[in-house]
Amino acid sequence: MAYSPDETTSLSARSRIRTAIEAALTKAGIEGGTDMVHLERPANPENGDISCNVALVAAKKLRRNPRELAGMIRDALELEKDFVDGVEVAGPGFLNFTFSREYLSSQVATINTLGSSYGASDIGKDRKVQVEYVSANPTGPLVIVAARAAAVGSSLVNILRKTGHEVEAEYYLNDAGSQVRKLGLSLMARFRQRLGEDVEFPEDGYPGDYLVDIAAEIPEETGREWLGSGDESAREAFGSLALEKIIVWIREDLEKFGVHFDTFFNESTLHREGGEVAEALEFYKNKGVVYEKEGASWFRSTDFGDEKDRVLVRSDGTPTYFLADAAYHLNKFRRGYDHVIDIFGPDHHGHISRLKAASVVFGANEDWLDVMTVQWVRLIEDGQQVKMSKRGGVFETLASLVEDVGSDASKFFFLMRKTNAHLDFNLTLARKSTDENPVYYVQYAHARICSVIAFAADEGVKFPEDLDCVDKLVEPEEIGLIRHLVVFPQLIEGAAEACEPHRLTTYAQELAASFHRFYHICRIVSNDTRLSQARLLLAEATRIVLAETLNLLGISAPERM
RNA sequence: GCGCCCAUAGCUCAAUUGGAUAGAGCGUCUGGCUACGGACCAGAAGGUUGGGGGUUCGAGUCCUCCUGGGCGUACCA
């Protein structure tokens, strides 16, 4: 075998091809710079494993014939023979590289050697990144959009870690401000109703039943004591109790969903004496981006592309949500992240430009802060939209969804679509544990492999010490499957760079399909020991990649179903 | 009104950041198990990528206008 497993990931294959093309450009005297070189995987396998359009790009720049340039580059290329089978000039001037069968089969050995670290890279080396997501207001249980954000955010965190980033997952808890006030008033009303008093529920309060439940748990004596302590003090007491209870729910629900945060950041800490709220305001004033109008302090965010200026401090002296948020990002900035990714709900996309403006003022680069928006989810049951109304207190929660369809199916469905597009969540389909459900299709492939490996062991076929038997893998279904496996590292990099975890669900389905095809045509355990061992290694390599893909999505890879 | 997002097969979604013949699943139709999990596999039908212009070797992807939906447009969060 020409390649030892350690140095033959498909990434290094790509980088070697890249290097060779760059050298060939120089050798052939083609100018235009090496940043013209982009490698991609052709959609059609007939066009090889890796394709490069550099001749087309150069042709435009140099006003020359692309196919002619492609020919020149090909002639100047120096690549090891056993690595790629050949280089073809195709179509309008693509250079198509096809991996040799030896190279492909050697990758099966590589994957077996690397195990779950296959696909890992260091493109995020020395990059400290924060991902802030969910961050739903603690005024009630987490709802469906928050569940989607949780699925997306946690998967993104996994992917970034896989690519070598140092990542911190954070939840911003808005435990201060007017909503907590409303929450306190709402709970207070519920408690008084429980005592039989005929009180009107606050018009802008939180009407959900959960506050009735919390009110029911308050010892009557305690509650009466609070009510007797004066309006303001009572509101605070009820408010902080509600907050405390709800935050516990939120944390429990997220845990049950299998979503973990490194940090829960309390907004209230920003408002403390000497906190970032006061500091940020001072900072902005010194920068000259604040002005006074009608008794309030305004941030000149229009200078930074926002559509209008924003209030920082109201005329009654209280800071706005925006000032707190700006202060929060000042805090993040000081923590030294190279990159901060905020995942916002659909109702917050208006904040993006002003928050970016706020960040730039305290010295962040334009691209320091990235804001992704997670769009709405519609729940569809039997073809009908499930009606939800937070205001009316009727809504599907993350907890009830997990209870209903399970966290694996929920996450998979949330991660099937691009995050900034609306999503129709088919509850009826997600509930099914049949072949119609894509989650089961993928998990089934994993379970099937585990079962075959166990069967093989019973039949006396074990994993070989010497991995050279992989050169027995020559059937089209075998090669097709390997081609899918080899793409994995590049897929992960792409998903990390584009912040698009949904690419993995598509991949998982394709890989599972490719395995099932192979399994159907190629008998794994047979009389031919070496062939059996080779196919066992291929099955195991597939299992490794499937398990890792599911793992990055936050979904379990069951050995039995 | 203005700003941002979305529109792709009957339905739900992809499409490698501008690439080659736009792909999967579900649904519909046809076929396939005496051996490793049939929760599977093979095949068929299904498209003017919402519409019109433009940019170039090349557009679902970029620019522009239009249509239809969502969100935002607070001294709420």
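1. Start with a helix contact. In helix 5, S155, N158, I159 and K162 meet E548, N551, L552 and L553 of helix 21. Sorted by class, the contact of helix 5 with helix 21 has 3 nonpolar, 3 polar and 2 charged residues. Note that this is a predicted model.

2. Next, the geometry of that contact. Two packed helices are described by the angle between their axes and the distance between the axes. Helix 5 covers residues 144–162, and its axis comes within 7 Å of the axis of helix 21. The two axes cross at roughly 125°. That crossing makes helix 5 oblique to helix 21. The angle is over 115 degrees but not over 145, so the oblique label applies.

3. Helix 21 also holds a salt bridge. R543 pairs with E540, and their closest N and O atoms are 2.9 Å apart. Both residues lie in helix 21. They are 3 residues apart, about one turn of the helix. Is E540 buried or exposed? E540 is buried, with a relative accessible area of 14%. The cut-off for buried is under 20%, so E540 qualifies.

4. Now the salt bridges across the structure. The count comes to 26 salt bridges. Side chains of opposite charge can pair when their charged atoms come close. One of these pairs is D424 with R378, at 2.9 Å from N to O. D424 sits in strand 15 (residues 423–426), and R378 sits in strand 13 (residues 377–381). The pair links distant parts of the chain, 46 residues apart. D424 is partly exposed at 42% relative accessibility. R378 is partly exposed too, with a relative accessible area of 37%.

5. A further salt bridge joins two loops. K472 and D528 meet at 3.8 Å, N to O. K472 lies in the loop between helix 17 (438–458) and helix 18 (476–486). D528 lies in the loop between helix 20 (503–521) and helix 21 (529–553). The pair therefore ties together parts that are 56 residues apart in sequence. K472 counts as partly exposed at 32% relative accessibility. D528 also counts as partly exposed, at 32%.

6. Aromatic pairs deserve a look. A search of the whole structure finds 27 of them. In one, the rings of Y133 and F261 have their centres 4.5 Å apart. Their planes stand at 35°, so this pair is tilted. Y133 lies in the loop between strand 5 (128–132) and helix 5. F261 lies in the loop between helix 9 (231–256) and strand 7 (263–266). The pair thus ties together parts that are 128 residues apart in sequence. Y133 is buried, with a relative accessible area of 1%. F261 is buried as well, at 12%.

7. Another aromatic pair is Y284 with F299. How far apart are the centres of the Y284 and F299 rings? They are 5.2 Å apart, and the planes are at 40°, so this pair is tilted. Y284 is in helix 11 (residues 276–287), while F299 is in strand 9 (residues 296–299). The pair links distant parts of the chain, 15 residues apart. Y284 counts as buried at 1% relative accessibility. F299 counts as buried at 0%.

8. Last, the cluster around that pair. Which residues form one aromatic cluster with Y284 and F299? F283, F304 and F322 join Y284 and F299 in one aromatic cluster.

Technical notes. Residues numbered from 1 in each chain as written. Chains lettered and ligands numbered in written order. Predicted model: local features only at pLDDT ≥ 70, side-chain atom pairs only at ≥ 80, totals over all residues. Heavy atoms only, no water. Salt bridge = Lys/Arg side-chain N within 4 Å of Asp/Glu carboxyl O. Helix = DSSP H or I, 4+ residues; strand = E, 2+ residues; numbered from the N terminus. Buried < 20%, exposed > 50% of the residue type's maximum accessible area, 1.4 Å probe, protein only. Axes fitted to C-alpha atoms, helices over the stretch in contact; angles between N-to-C directions. Parallel < 35°, antiparallel > 145°, perpendicular 65-115°, else oblique. Contact = heavy atoms within 4.5 Å. Nonpolar A, V, L, I, M, F, W, Y, C, P; charged D, E, K, R; others polar. Phe/Tyr/Trp six-rings, centres within 6.5 Å; stacked < 30°, edge-to-face > 60°.
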